[in-house]
Amino acid sequence: MSYNEMFEGEAVREPYARLRDWVQTMPDDFRQMKQAEAEALFRRIGITFAVYGEGGDPDRLIPFDMMPRVFEQAEWRRLERGIKQRARALNAFLRDVYGRGEIIRAGRIPARLVYQNDAYEKSVVGFVPPRGVYSHIIGIDLVRTAKDEFYVLEDNCRTPSGVSYMLENREIMMRMFPQLFRGSRIEPVDQYPELLRRTLESVAPAKCRERPTCVILTPGHYNSAYYEHSFLANLMGVELVEGQDLFVDGEFVYMRTTTGPRRVDVIYRRIDDLFLDPLCFRPDSMLGIPGLMDVYRSGGVSICSAPGAGVADDKAIYTFVPEMVRFYLGEEPILNNVQTWTLWKEDDRRYVLEHLPELVVKEVHGSGGYGMLVGPKSTSAEIEAFRAKIIADPCNYIAQPTLALSTCPTFVDEGIAPRHVDLRPFCLCGDRIELVPGGLTRVALREGSLVVNSSQGGGVKDTWVLSE
Amino acid sequence: MKLQISHETVYRYEQPIRNLVQSLRLTPSVFEGQKTHDWQIQVSGGVRGPGFRDGAGDWIEGWTVRGPVAEVTVRIEGRVDTRDLAGVLRGHREAIHPMSYLRDTAPTEPDAALQDLSRTAGTGARDPLDLAHRLSAAVSEAIAFRPGATEARTTAAEALALGEGVCQDHSHALISVARIAGLPARYVSGYLHSTRDGEAHDAAHAWAELHVEGLGWVGFDPANRCCPDERYVRLGSGLDAPDAAPIRGVAMGSSAERLDVAVHVQELTQ
């Protein structure tokens, strides 16, 4: 049985009782009208991209569920502490492995997993970015299995997407149902763009003497998250640029503007490491800025997230995040990791191969729900095919138990019904660590489904945190 | 040995280019085997950009040239006093963990023949240093030095299949067989003072370094069947030739380019 977030024991929790009354008094045609209105709003503002690099039709609209998910202040406080703790540990880890590698010397993480990791970028070894921060926006994917039990599914330390949904879901709810917000104690999320800009400005390089100029670097409008890039640039009041808009001259990076070149201090990049600079990474890349990495490594510009930050969010490294919390912070982890079997260990491998029908098996470098086996939902032929893949290349896989994701009340044809959800909050790391109360809740709209990916019938919801 | 080095690279473009950005790794490494004097890097019409020492210990210098320009000259001039350390890179400060050099890249990707060569050559090795020597000797045997047989993009596997190549191919092959044997290995670019006259291709040279527990990084030059000595000047390193390239550049508005390189390494008697 999964935990239903609507109930406290037998009783419906107060905020959900209010929402239930709201739904029950809502005439059917009104609901349908509102659903159509929400869809039209999403279409009009153009927010149709796929979250988390799931691929698929970039113009597909992700279903929006009008029933909000609600966290009480006390629940959120604990989550917030756990998320910030994890963010601090991940940045401490990055600073360490690009420095002396104490955690490896101490024997807490195998050297091979770090130094031979494809995401480990040796060209930035020894360079410490401003304030020692490598990952400035961390998206931590969480699931809940009981009232006080949250598990981290994965950390996203590079360029997590989806925050525009968090903002738009709220915006649309407020526009459509102002009465719901009247007199409610719902904490705002619309300060996120301002906090993001302050975070970026706080990591400007030492050579920057005036108010820092920040930009968002996008691969362009063919990218599935282009909407989010332009949306954030707009709300932050910064320029949205592509590689060709920036150039290196002497010791700095400049942006072409109608009034001549303007120096750029902080680049919030939404492109992968490999496409940042053809002089350092892929010589065939047309997306990057030649010479950018030399300017970066000599302290002339900041890049967020720092090149090489991806080594912290790899699925093999994931299993060691609780160890990082203990090692760097001297604290016990507040958020749980999902029990993970690493298939390069013989004992783990034997167990996993014997229990494949119960487990979820993922590729170490996979994302977006691709290249993965969900044991309980697979046919025996699929399981056998996957078994062969694991045996051929065990280092490429990890396995986890199938978790009983919590449910939240969700609009269905008959009214409201429980559906499984996850959560991605967005933690900002600069001179301070900030977390907007809320995040992106994804919901598996199909009954019984545990897959919240939008490519497989997932939708999104507004996420409320109630104040005291 | 006191070596006088001059290295000139001239880029000529069919159509003038708008802009050129370069990243240069053209300054001799700092370690007990070499001491550098009056080292000068000039890029014609260029603005010197950022300079810094990277995690591998290499001095990197960025340059930008604002166009339009049809010809760019990169000129290096300076003196290096060298000592023979039998290939050992003693006193070199670097921050990158040796294990980072176990990763394969396209030019060093092993195939069955490289794996075979590594295994056969390594059999019976007494210790890691002996293993490194055996691997280097095996590569020298397997690939004959023959200029023109291979090109810049030839991989280690292809050179081995061909049985011929130049210093780049020897180095890639040695790096590949070393990594197969579990020894971290990297590509080194530099200069070589050739005692034979008139062989310009020898002056700009490349070899490999293998990491040997207890000794650290040790150079091996399978093209010349030796370890680097006082005739060698080390510039920088990388996972393979492109990663260790002394000059990298991207020209904007690029047209067909012609490249002329002249390298002279002379011994100063005084």
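Two strands are counted as paired here if DSSP finds at least two bridges between them. With that criterion in hand, the tour of this predicted model can begin at a sheet in chain B.

**Stop 1: the four-stranded sheet of chain B**

Select strands β7, β8, β9 and β10 of chain B. These 4 strands form an open, antiparallel sheet in the order β9-β8-β7-β10. Its edge strands are β9 (216-220) and β10 (232-238) of chain B, each of which pairs on one side only. On average, and with direction ignored, neighbouring strands of this sheet are turned by 35° against each other.

Now restrict the selection to β7 (residues 185-192) and β10 of chain B. The two run antiparallel and are joined by 6 bridges. Within this pair, B:Y191 stands opposite B:V233, the latter in β10(B). In general, strands of a sheet pair through backbone hydrogen bonds, in either a parallel or an antiparallel arrangement.

**Stop 2: the loop between β9 and β10 of chain B**

Select B:R225, which is found in the loop between β9 and β10 of chain B. Its phi is positive, about 50°, although B:R225 is not a glycine. Most residues other than glycine have a negative phi, and most peptide bonds are trans. Is B:R225 buried or exposed? The residue has a relative accessible area of 54%, and is therefore exposed.

**Stop 3: strands β2 and β4 of chain B**

Move to B:D38, in strand β2 (residues 34-43) of chain B. B:D38 also has a positive phi, of about 45°, without being a glycine. Its relative accessible area of 59% means that B:D38 is exposed.

Then select B:G67 and B:P68, which are joined by a cis peptide bond with omega of about 0°. B:P68 lies in strand β4 (residues 59-82) of chain B.

**Stop 4: helix α4 of chain B**

Select residues 167-180 of chain B, which make up helix α4. The helix has 14 residues and reaches 20 Å from its first C-alpha to its last, close to the 20 Å expected at 1.5 Å a residue. Show the surroundings as well: 13 of the 14 residues of α4(B) are buried, so the helix is largely enclosed by the rest of the structure. Just after α4(B), select B:G182, whose phi is positive at about 90°.

**Stop 5: chain B as a whole**

Zoom out to display the whole of chain B, which has 4 helices and 12 strands. Along the principal axes, the C-alpha atoms of chain B fill a box of roughly 60 × 40 × 40 Å. The radius of gyration of chain B is 19 Å, which agrees with the value near 18 Å for a compact globule of 270 residues. Of the 270 residues of chain B, 56% count as buried.

A surface display shows about 11700 Å² of accessible surface for chain B, of which 49% belongs to carbon and sulfur atoms. How many of the contacts in chain B between residues at least 6 apart in sequence join residues at least 24 apart? The share is 72%.

**Stop 6: the three-stranded sheet of chain A**

Turn to chain A and select β8, β9 and β10. These 3 strands form an open sheet in the order β8-β9-β10, with antiparallel pairing. β8 (246-249) and β10 (262-264) of chain A each have a single partner strand and stand at the edges, so one side of each is left without a neighbour in the sheet. Neighbouring strands here are turned by 45° against each other on average, direction ignored. Strand β9 (residues 252-255) of chain A pairs with β10(A) in the antiparallel sense over 3 bridges. A:V253 stands opposite A:V264, which is in β10(A).

**Stop 7: two helix residues of chain A**

Select A:N91 in helix α3 (residues 73-97) of chain A. A:N91 counts as buried because its relative accessibility is 8%, with the cut-off for buried being under 20%. Leaving aside neighbours within four places in sequence, A:N91 is in contact with A:G132, A:V133, A:Y134, A:S135, A:I138 and A:C429.

Next, select A:E39 in helix α2 (residues 28-45) of chain A. A:E39 has 43% relative accessibility and so counts as partly exposed. A:E39 and A:I62 are 23 residues apart in sequence, with a C-alpha to C-alpha distance of 9.1 Å.

**Stop 8: a cis peptide bond in chain A**

Finally, select A:C304 and A:S305, which are joined by a cis peptide bond with omega of about -10°. A:S305 is placed in the loop between β12 (302-304) and α11 (315-318) of chain A.

How values were computed. Residues are numbered from 1 along each chain as its sequence is written. Chains are lettered from A and ligands numbered from 1 in the order in which they are written. This is a predicted model: local features need pLDDT of at least 70, side-chain atom pairs count only at pLDDT 80 or more; totals for chains, interfaces and linings use all residues. Side-chain values use heavy atoms; hydrogens and water are left out. Axes are lines fitted to C-alpha atoms, for helices over the stretch in contact, and angles run from 0 to 180 degrees between N-to-C directions. The expected span of a helix is 1.5 Å times one less than its number of residues. Buried means under 20% relative accessible area, exposed over 50%, partly exposed in between (1.4 Å probe, protein chains only). The radius of gyration is taken over C-alpha atoms; the globule rule is 2.2 Å times the number of residues to the power 0.38. Contact means heavy atoms within 4.5 Å. Accessible areas come from the Shrake-Rupley method with a 1.4 Å probe; for residues, only the protein chains shown count as cover.
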